[in-house]
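Colleague: Please give me a close look at a single part of this model, and show me how that part fits in with its surroundings.

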Amino acid sequence: MRRLAHLAVAALALCAAAQAGAAEFNLFLNCSGKLSANGKGKAATLDLAMRDSNETALIQRSNVLPVGERLKYKASPMVYSMVYKLPQPGTHYYNDWVHGQWVVWQPNLKRLATIRLSVDRQTAELEGELLDFNDDSLGTIAMSCKPMTADDMPEPKF
């Protein structure tokens, strides 16, 4: 009987651990807007999952940043700010996103080295800047974000 009680306690602990893993991210941002460079523009989307415990943002879906990348962010009372650094030229790229759609429409973006983003916590507006290796501006990102919770997210189909 005692052994059964220990098994029940262990099962409850496992369920609690699984539930804590499911609640890994506490804020989801669904952002859409425009990426602009040299007078040309392109529609841009970015979905982020954010975790306050270690200030991590996971790129869930985007046509601007590589999906699956984790960014470190800093939270202030006014903004979430994050930086994505691309590998230096000559290094091996594991993702083909650099050769994707938006590089084709703007050849200067092949010099892209850094993407800086900030999300205003009051207005949910995202602003970003695309920089080359000399920190010269190549373009900008402007998006409106919609905050969501895990309950708002659609269930996976498979």
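Modeller: Gladly! One definition first: a residue counts as buried under 20% relative accessible area, as exposed over 50%, and as partly exposed in between, using a 1.4 Å probe and protein chains only. This is a predicted model, so local features need pLDDT of at least 70 and side-chain atom pairs count only at pLDDT 80 or more, while totals for chains, interfaces and linings use all residues. Residues are numbered from 1 along each chain as its sequence is written, and side-chain values use heavy atoms, with hydrogens and water left out.

I would like to look at strand β2, and a little context helps. The chain has two helices and eight strands; both are DSSP runs numbered from the N terminus, helices being H or I with at least four residues and strands E with at least two. Their order along the sequence is α-β-β-β-β-β-α-β-β-β. The eight strands form a closed barrel, β1-β2-β3-β4-β5-β6-β7-β8, with antiparallel pairing. On average, neighbouring strands of this sheet are turned by 30° against each other, direction ignored; the axes are lines fitted to C-alpha atoms, and angles between N-to-C directions run from 0 to 180 degrees.

Now to the neighbours of β2. Strands pair if DSSP finds at least two bridges between them. On one side, β1 and β2 pair in the antiparallel sense over eleven bridges, and G33 stands opposite A44 in β2. Two residues lie between these strands in their hairpin, where N38 takes a positive phi near 50°. On the other side, β2 and β3 are antiparallel partners over six bridges. Here L46 stands opposite S62 in β3, and L48 has I59 in β3 as its bridge partner. The hairpin of β2 and β3 has four residues between the strands, and E55 takes a positive phi near 50° there.

The charged residues come next. Side chains of opposite charge can pair when their charged atoms come close. The structure holds three salt bridges, each being a side-chain nitrogen of Lys or Arg within 4 Å of a carboxyl oxygen of Asp or Glu. In one of them, the side chains of R51 and E24 meet at 2.4 Å, N to O. R51 lies in β2 (residues 40-51) and E24 in the loop between α1 (2-22) and β1 (27-37), so this pair ties together parts that are 27 residues apart in sequence. R51 is buried, at 13% relative accessible area, whereas E24 is partly exposed at 32%.

D47 brings β2 into another salt bridge, with the side chain of R61 at 2.7 Å, N to O. Since R61 lies in strand β3 (residues 56-62) and D47 in β2, the pair ties together parts that are 14 residues apart in sequence. D47 is buried as well, with a relative accessible area of 11%.

Just past the strand, E55 forms a salt bridge with K74, the closest N and O atoms being 3.7 Å apart. This pair links the loop between β2 and β3, where E55 sits, to K74 in strand β4 (residues 70-75), 19 residues away. E55 is partly exposed, at 25%, and K74 is exposed, at 57%.

That leaves the nonpolar side of the story. A nonpolar core is a set of buried Ala, Val, Leu, Ile, Met, Phe, Trp, Tyr and Cys residues joined through side-chain atoms within 4.5 Å. The largest one has 29 residues, and L46, M50, L65, M82, L126 and I141 touch the most other members. The elements giving two or more residues to this core are β1, β2, β3, β4, β5 (79-85), β6 (114-120), β7 (125-131) and β8 (137-148). Taking contact as heavy atoms within 4.5 Å, M82 touches L48 and M50, among other residues that include A57, L71 and I115, not counting those up to four places away in sequence. Apart from this core lies another, of five residues, among them F25, F28, A49 and L58.
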